[in-house]
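Q: I am new to this structure and would like to learn how to read it step by step. Could you take me through its features, with the general idea before each case?

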Amino acid sequence: MTPIALMGAFEIGLIFALVALGVLISFRLLNFPDLTADGSFPLGGAVAATLITGGHDPWFACAMAVLAGAASGWLTAWLNVRLNILQLLASILVMIGLYSINLRIMGAPNLPLIGSPTVFAPFIGEQFERAWLVQPAVLAVIIVLAKLGMDFFFASQAGLAMRATGANPRMARAQGIATDRMILVGMALSNALIAFAGALYVQTQGGADVSMGVGTIVVGLAAVIIGETLLPSRKLWVITLATVLGALLYRLLIALALNADFIGLKAQDLNLITAVLVGFALVLPKLKAKLFRKKGKKS
Amino acid sequence: MMEVRDLYKTFNPGTPIENLVLRGLSLTIESGQFITVIGSNGAGKSTFLNAISGDLQMDSGSIHIDGQDVTRLSAWQRAGMVARVFQDPMAGTCEGLSIEENMALAWQRGKKRGFGRAVKNEQRAIFREKLATLELGLENRLGDRMDLLSGGQRQAVSLLMASLQPSRLLLLDEHTAALDPKTAAFVLQLTDRIVKENNLTALMVTHSMRQALDHGHRTVMLHQGQVVLDVAGDERHTMEVGDLLAMFEKTRGEKIDDDALLLG
């Protein structure tokens, strides 16, 4: 694998780390199985790409993408807490609806960004040969800030209230926590992060495509699961760190699998590799426990 | 002071499993009074408690706490007035969070929650001091996950949590029912102490007549969604379980056949 391919895997890993942090909030902290990601990730991409091609500042485009993502997460939560639609179903409805909305926003199935300014452009300069190093560096700064921001929030009174909402809603209400509001805000936060990832993704990939969201949730969940398997902890700052590392490791494994010629895997096998990797990460804790027990018996 | 007037609640109205649980329940609790509530299965004890806490909205009737009408307020809106310990030791705490995080949640009960750190050192010191009074060694385990604690330890911590902030009313929902007799006795003793120290107005639901007579100032018996007996003062002081049963049979003209109520 060339250094450039490696940095490419690192770059996509960093973007999906943002998705994974969002998934961590919905699936793990709020205990809300949310598939909105498959719609909110391309939503962020569509909003950003449309605004950038319309001549707006890339950072402004990102901010609007974040707001759009937050709105989609809010809507999913609203369908659940106000209309009592099952969590999974509510998120599927929003995800499906967003497909049409994304097409409307872009006005076409795809929108190229070749030659358009991006958030990375000021750091790259005239020649593009530094892009493969600069883009991951800028992304790394963003991810670190997002991780630290999450650590700060979830250690605060409001953040703890949100975690209690996911862990034991009845107890949370008995402590005076407006659990419905917490779910609305938490889901908005989760999908804002995912839409932000989508906005950054289109700027590294040179364009938005309406089908770019397929499988986003699986990748995010894979990162969360790999992270908590490799670095099990109950401390929140370790959990967010594990999630980021999980996303990086996941993309690295994918890149390795696709680049190893002797296995014979091609780009179209990506989803199969994902399924196998996630399956493996899910059984790993049990496997580890089994091995450990056997060793214990011997000694 | 809490005033409950004419509460009615029917579950599954208009269906074959329609169940009239509360049928005009009224009760007044003076400030500083510790009241015990007994009743057989299906008497409406849990529904009554959930009505006061706000977990259940009533079909009709009213609930006032210190003159304020809270009938239509939801559970989280009442939390500043009503503290609660649940029957299930798992229900009152977050098992995935640490002891100090659980206590921090209770520290802000009914208050606004901002972006300040949830567990500050000064609070940690208070938590440690409070936990030390339990004499369970929990003061050295602030960072431990709640699910590492036994049922009795959890109920003890729940009681502490309920007393971290002042409340107009403390609800105890058969909070010793899931514990072994020795642990139950410890938690009850702790309950008496905490109620007394903080001069709390408390309502304890129990399945045991013995417990109901031994604790608090006043005992109320629920039957078919109404208050059928209400004893306090000297009369209650000299009362035995048998007397309570006889009194019930006299007023209702029927016998109690709930073993748990008699044997507990």
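Q: Which radius of gyration does chain A have, and what would a compact globule with 299 residues have?
A: The idea is to set the value of a chain beside the value expected for a globule with that number of residues. In this predicted model, a compact globule with 299 residues would have a radius of gyration near 19 Å, and chain A has 20 Å, which agrees. Along its principal axes, the C-alpha trace of chain A spans about 60 × 50 × 30 Å.

Q: How many helices and strands does chain A have, and in what order do the elements run from the N terminus on?
A: One lists the elements by kind and then follows them along the chain. Chain A has twelve helices and two strands, and from the N terminus on its elements run α-α-α-α-β-α-α-α-α-α-β-α-α-α.

Q: What share of the residues of chain A count as buried, and what share of the contacts joins residues 24 or more positions apart?
A: Burial is read from the number of neighbours around a residue, while the separation along the chain tells which parts of the sequence a contact brings together. Of the 299 residues of chain A, 48% count as buried. Among the contacts in chain A with a separation of 6 or more, residues 24 or more positions apart account for 78%.

Q: How does chain B read by these steps?
A: The secondary structure of chain B comes to ten helices and ten strands. With 264 residues, a compact globule would have a radius of gyration near 18 Å, and the 19 Å of chain B agrees with this. The C-alpha atoms of chain B fill a box of roughly 60 × 40 × 35 Å along the principal axes. Buried residues make up 42% of the 264 residues in chain B, and among its contacts between residues at least 6 apart in sequence, 68% join residues at least 24 apart.

Q: At what angle do helix 2 and helix 3 of chain A pack?
A: For a pair of helices, one reads the angle between the axes, the distance between them and the handedness of the crossing. Helix 2 (residues 37-53) of chain A and helix 3 (residues 58-81) of chain A pack at an angle of about 150°, with their axes 8 Å apart. Angles over 145 degrees count as roughly antiparallel, and helix 2 of chain A and helix 3 of chain A are therefore roughly antiparallel to each other. Helix 2 of chain A passes helix 3 of chain A in a right-handed crossing. The residues that meet include A:G39, A:L43 and A:V47 in helix 2 of chain A and A:F60, A:A61 and A:M64 in helix 3 of chain A. By class, this contact of helix 2 with helix 3 of chain A has twelve nonpolar, six polar and no charged residues.

Q: At what angle do the axes of helix 1 and helix 11 of chain A cross?
A: The reading follows the steps just used. The axes of helix 1 (residues 3-29) of chain A and helix 11 (residues 236-259) of chain A come within 7 Å and cross at roughly 140°, and the two helices are therefore oblique to each other. Helix 1 of chain A passes helix 11 of chain A in a right-handed crossing. Among the residues that make the contact are A:A9, A:F10 and A:G13 of helix 1 of chain A, and A:T243, A:A247 and A:R251 of helix 11 of chain A. The residues of the contact of helix 1 with helix 11 of chain A divide into 16 nonpolar, five polar and one charged.

Q: How many residues of chain A are in contact with chain B?
A: An interface can be described by counting residues on each side and then asking which elements supply them. Here, 20 residues of chain A are in contact with 26 residues of chain B. On the side of chain A that touches chain B, helix 7 (157-167) and helix 8 (169-174) of chain A are the elements that give two or more residues, and the largest share, seven residues, comes from helix 7 of chain A. The residues of this side of chain A divide into ten nonpolar, six polar and four charged.

Q: Is helix 7 of chain A mostly covered or exposed, and what do its buried residues pack against?
A: Helix 7 of chain A is mostly covered, with ten of its eleven residues buried; among the buried ones are A:L160, A:M162 and A:R163. The buried residues of helix 7 of chain A pack against helix 1, helix 6 (131-154), helix 8 and helix 9 (179-205) of chain A, together with helix 3 (99-107) of chain B.

Notes:
Residues numbered from 1 in each chain as written. Chains lettered and ligands numbered in written order. Predicted model: local features only at pLDDT ≥ 70, side-chain atom pairs only at ≥ 80, totals over all residues. Axes fitted to C-alpha atoms, helices over the stretch in contact; angles between N-to-C directions. Helix = DSSP H or I, 4+ residues; strand = E, 2+ residues; numbered from the N terminus. Parallel < 35°, antiparallel > 145°, perpendicular 65-115°, else oblique. Left-handed = near helix turned anticlockwise from the far one by under 90°. Contact = placed C-beta atoms within 7 Å. Nonpolar A, V, L, I, M, F, W, Y, C, P; charged D, E, K, R; others polar. Rg over C-alpha atoms; globule rule 2.2 N^0.38 Å. Buried ≥ 20, exposed ≤ 12 C-beta atoms within 10 Å, placed from the backbone.
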